[in-house]
Amino acid sequence: MSQSPKGLDLRKVIGLELTLAEYEAELLDGRAYYDSEPLEFECTQCGACCTRAGVVFLTPDDLERIAAHFDVTVPEAVRAWFDGEDDPVITVDDDLGCPFYQDEKCTIHEVKPIQCATYPFWPEVVGTPEAWWVEAAECEGIGRGRKYHAEEVRRLLLGVLMRTDAAK
Ligand code: SF4
Ligand code: SF4
């Protein structure tokens, strides 16, 4: 199994126990939407994705980066900010939003979790035109801005950020 130096398995699509080839073959029937046309996206910083109830899963690399950012150990960071000791996550509350969302911005922008940094290029969103345009109702940045071509979308699916403006 290939691992990045920081422990992120780059062969697997983020959030799925599948390689990119398996994901495209099994879940997209070999016909990825991002292969048929580039996907347009530009974050408007509206904050909707940081205030929508849900869970942000954290990779070991996310935990190390966030802990280092605050100059604490990973266990200290987990106790202070995350839910679940064995498998820590950020819980985004219905009313309060993400605890890191303050004054209408992400206070850990430079070290934000890979799940946040790759949104909306998630496997359940980019695979089909239906899913992409359904998600547009939640994210006003979808369908505007620069074009993300297939190779770049594939890299984002693997959690590889090619450009800083790929992160919101
Ligand atoms: S990613 Fe989408 S929902 Fe989130 S802040 Fe940017 S435009 Fe808004
Ligand atoms: S960590 Fe930052 S980008 Fe992710 S949900 Fe929280 S405020 Fe938003």
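## Pro38 and Gly145

Let's start with Pro38, which sits in the loop between α2 and β1 (helices, H or I with at least four residues, and strands, E with at least two, are DSSP runs numbered from the N terminus). Pro38 counts as partly exposed because it has 14 C-beta neighbours inside 10 Å; the scale calls a residue buried if 20 or more other C-beta atoms lie within 10 Å of its own, exposed if 12 or fewer, and partly exposed in between, with C-beta atoms placed from the backbone. Setting aside residues up to four places away in sequence, Pro38 touches Lys147, Tyr148 and His149, where contact means C-beta atoms, placed from the backbone, within 7 Å. Pro38 is also 6.5 Å from Ala150, C-alpha to C-alpha, although the two are 112 residues apart in sequence.

This is a predicted model: local features need pLDDT of at least 70 and side-chain atom pairs count only at pLDDT 80 or more, while totals for chains, interfaces and linings use all residues. Residues are numbered from 1 along each chain as its sequence is written, and chains are lettered from A and ligands numbered from 1 in the order in which they are written.

Gly145 lies in the loop between α8 (129–135) and β6 (146–148). With 14 C-beta neighbours inside 10 Å, Gly145 is partly exposed too. Its contacts, leaving out neighbours within four places in sequence, are Glu40, Phe41 and Glu42. The C-alpha atoms of Gly145 and Glu40 are 5.6 Å apart, with their positions 105 residues apart along the chain.

## The overall picture

The protein has nine helices and six strands. Of its 168 residues, 25% count as buried. Long-range pairs carry a good share of the contacts: among those with a separation of 6 or more, 69% join residues 24 or more positions apart.

## The nonpolar core

The largest nonpolar core holds 30 residues, and Leu39, Phe121, Val126, Val153 and Leu157 touch the most other members. A core here is a set of buried Ala, Val, Leu, Ile, Met, Phe, Trp, Tyr and Cys residues joined through C-beta atoms within 7 Å. At least two residues of this core come from each of β1 (39–41), α3, α7 and α9 (150–157). The biggest giver is α9, with three residues.

Take Leu157 as one of those well-connected members. Beyond its neighbours within four places in sequence, Leu157 is in contact with Val13, Ile14, Leu20, Phe121 and Pro123.

## Two ligand shells

Around ligand 1 there are 12 residues, the closest being Cys43, Cys46, Cys49, Cys139 and Gly141; a residue is near a molecule if its C-beta atom, placed from the backbone, lies within 6 Å of it. That shell splits into six nonpolar, four polar and two charged residues. For these classes, Ala, Val, Leu, Ile, Met, Phe, Trp, Tyr, Cys and Pro are nonpolar, Asp, Glu, Lys and Arg are charged, and the others, Gly among them, are polar. Ligand 2 has Cys50, Val56, Ile90, Val92, Cys98, Phe100, Tyr101, Cys106, Ile108, Lys112, Pro113 and Cys116 around it. By class, this shell has 11 nonpolar residues, one charged and no polar.

Back to Cys49, which belongs to helix α3 (residues 48–51). Cys49 is buried because 22 other C-beta atoms lie within 10 Å. Not counting residues up to four places away in sequence, Cys49 touches Tyr119 and Cys139. Its C-alpha atom is 8.9 Å from that of Gly97, 48 residues away along the chain.

## How α4 meets α5

The axes of α4 (residues 60–69) and α5 (residues 74–81) come within 9 Å and cross at roughly 85°. The axes are lines fitted to C-alpha atoms over the stretch in contact, and angles run from 0 to 180 degrees between N-to-C directions. So α4 and α5 are roughly perpendicular to each other (65 to 115 degrees; under 35 is roughly parallel, over 145 roughly antiparallel, and the rest oblique). Leu63, Glu64, Ile66 and Ala67 in α4 meet Val74, Glu76 and Ala77 in α5. By class, that contact has five nonpolar, no polar and two charged residues.

## Backbone oddities

The peptide bond from Tyr119 to Pro120 is cis, with omega near 5°. Pro120 is in the loop between α6 (114–118) and α7 (123–126).

Asp29 has a positive phi, near 55°, in a residue other than glycine. Asp29 falls in the loop between α1 (20–27) and α2 (33–36), and is exposed, with 10 C-beta neighbours inside 10 Å.

Methods. Contact = placed C-beta atoms within 7 Å.
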